[in-house]
Amino acid sequence: MKVVVVGAGVAGLCVGWRLAKAGADVTVIERAEPGAGATRAAAGMISIAGEASLAGSVELDFSRHASSLWPEFAAELEEASGREISYSRKGALIVRLAGEGTTGAPPSEDLVETVDGARARVIEPMLTGEYAEILWAPGEAQVDNRALGPALAEAFARAGGKLVRGDAVSAIARAEGRAVGAIGVRTRYNADAVVIAAGAWTTDIEGLPDELRRTVKPIKGEMIALSSAARATRLTRVVRGSAAYLVPRGDRVFVGATEENVGFDPGLTDRALDELKRAAARLVPALVGWEVSEHWAGFRPGTPDGLPILGPTSVEGLFAATGQYRNGILFAPAIAELLCRAVLEHGQVPAEFDPRRFAAGVD
């Protein structure tokens with residue numbers, strides 16, 4: 001079976017790799033460089049508890065399943081690619097600052113436990129602020145997302161997949177009512193099935209059915225990295241608050257992230273930088289005075305109901321793996337599993353994720 005995957009972010013590369021391993025003839029087409037979009041712009045968190053208050057039951061179940069796949073998936077990827085992706089499950093601390101009200105439903109008790117300040121400082125010595133509540137989520141994990149894209153690209157190539165860089169797909173090729181390939185700027189790619197994994201750029205493609213037209217929109221997020229010239233204590237755990245999250249990455253701390261519906265405006269703003277610095281210092285006061293060593297932005301693929309768009313569309317042979325919003329890295333191995341079944345075995349997907357729920361389109 002010949003499959004074309006449009007987009008070489010974490011979803012497209014994972015799907016492509018799994019399909020190639022299953023024996024399919026797979027071509028992944030990327031408009032830029034693999035893993036250079038939302039995958040690289042993220043912080044690499046593999047978080048269930050941190051997002052649980054925003055998730056419905058189906059999404060939470062999917063998150064749990066995806067998280068359970070990650071340890072074996074990471075080990076397999078490192079062996080297949082010969083590259084390290086630094087997967088680790090060290091847990092996370094979720095804090096509510098003094099004076100802040102509660103927001104959303106609390107995470108399930110099997111995901112978190114309440115701890116006092118003394119216990120929290122044993123877990124993370126840098127947690128010295130004033131907190132109204134501290135939750136310890138031991139199952140939270142992270143991965144080096146900047147290493148993830150290149151590792152997936154290498155594993156995909158070693159499995160026999162073909163990766164096309166620098167060709168933007170402009171349209172889906174159709175014949176007799178079904179998808180038969182993708183039309184790039186440089187060439188046409190014929191296929192028995194097409195998987196749209198173009199993230200925030202999904203709706204740039206012509207020939208999509210109504211359920212994908214204007215359904216995915218870019219949600220801009222800015223992030224910063226903090227570093228200290230002094231021999232400072234290093235953050236060892238993810239720390240999440242209502243206004244920001246902190247992710248240790250070597251001797252730096254990644255701080256994220258803003259959310260703006262401003263289209264594909266890549267500009268970096270002093271406002272976002274200042275907000276993130278202040279939020280980081282409120283969460284961990286010792287970060288006051290740390291320097292901003294990097295400032296970047298990315299585009300999350302948002303959907304009208306906040307849920308991913310996964311599985312077969314109303315056009316035969318056309319599948320979607322997009323709309324992951326804030327959970328692209330967490331969901332990746334589960335999306336690959338689900339899409340491989342859908343493409344190769346006509347497997348079912350949860351109705352809540354089915355692209356055809358937007359059959360009437362989006363105004």
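## Strands and cysteines in a predicted model

Ile224 stands opposite Val255 in β16. That pair is a handy place to start looking around this structure, which is a predicted model.

Ile224 lies within strand β13, as this strand covers residues 217–227. Three bridges join β13 to β16, and the two strands run antiparallel. Strand β16 itself spans residues 252–256 and is mostly covered, with four of its five residues buried.

β16 also pairs with strand β15, residues 245–249, again in an antiparallel way and through five bridges. Here Arg249 has Arg252 of β16 as its bridge partner. What do β15 and β16 form, and how many residues lie between them? They make a hairpin with two residues between the strands. In the turn, Gly250 has a positive phi of about 65 degrees.

Now to another part of the chain. An open sheet of three strands follows the order β9-β10-β11, with antiparallel pairing. Its edge strands are β9 (169–175) and β11 (188–190), each of which pairs on one side only. Neighbouring strands in this sheet are turned by 30 degrees against each other on average, direction ignored. Six bridges join β9 to β10, which covers residues 178–184. If you want one contact to find by eye, take Arg174, whose bridge partner in β10 is Ala179. As a general reminder when you view such strands, side chains in a regular strand alternate between the two faces of the sheet.

The strand pairs described above with their bridge counts are set out here.

| Strand pair | Bridges | Direction |
|---|---|---|
| β13 and β16 | three bridges | antiparallel |
| β15 and β16 | five bridges | antiparallel |
| β9 and β10 | six bridges | antiparallel |

Finally, a word on the cysteines. How many disulfides does the model hold? The count comes to zero. Cys14 is in no disulfide, and the nearest cysteine sulfur, that of Cys340, is 9.7 Å away. A disulfide is a covalent bond between the sulfur atoms of two cysteines, and the cut-off used for one is a sulfur pair within 2.5 Å. Because the sulfur of Cys340 lies 9.7 Å from its closest cysteine sulfur, in Cys14, the two are too far apart for a bond.

Are these two cysteines buried or exposed? Cys14 has 1% relative accessibility, so this residue counts as buried. Cys340 has 12% relative accessibility and therefore counts as buried too. The cut-off behind both calls is that buried means under 20% relative accessible area.

Notes. Residues are numbered from 1 along each chain as its sequence is written. This is a predicted model: local features need pLDDT of at least 70, side-chain atom pairs count only at pLDDT 80 or more; totals for chains, interfaces and linings use all residues. Side-chain values use heavy atoms; hydrogens and water are left out. Buried means under 20% relative accessible area, exposed over 50%, partly exposed in between (1.4 Å probe, protein chains only). Two strands pair if DSSP finds at least two bridges between them. Axes are lines fitted to C-alpha atoms, for helices over the stretch in contact, and angles run from 0 to 180 degrees between N-to-C directions.
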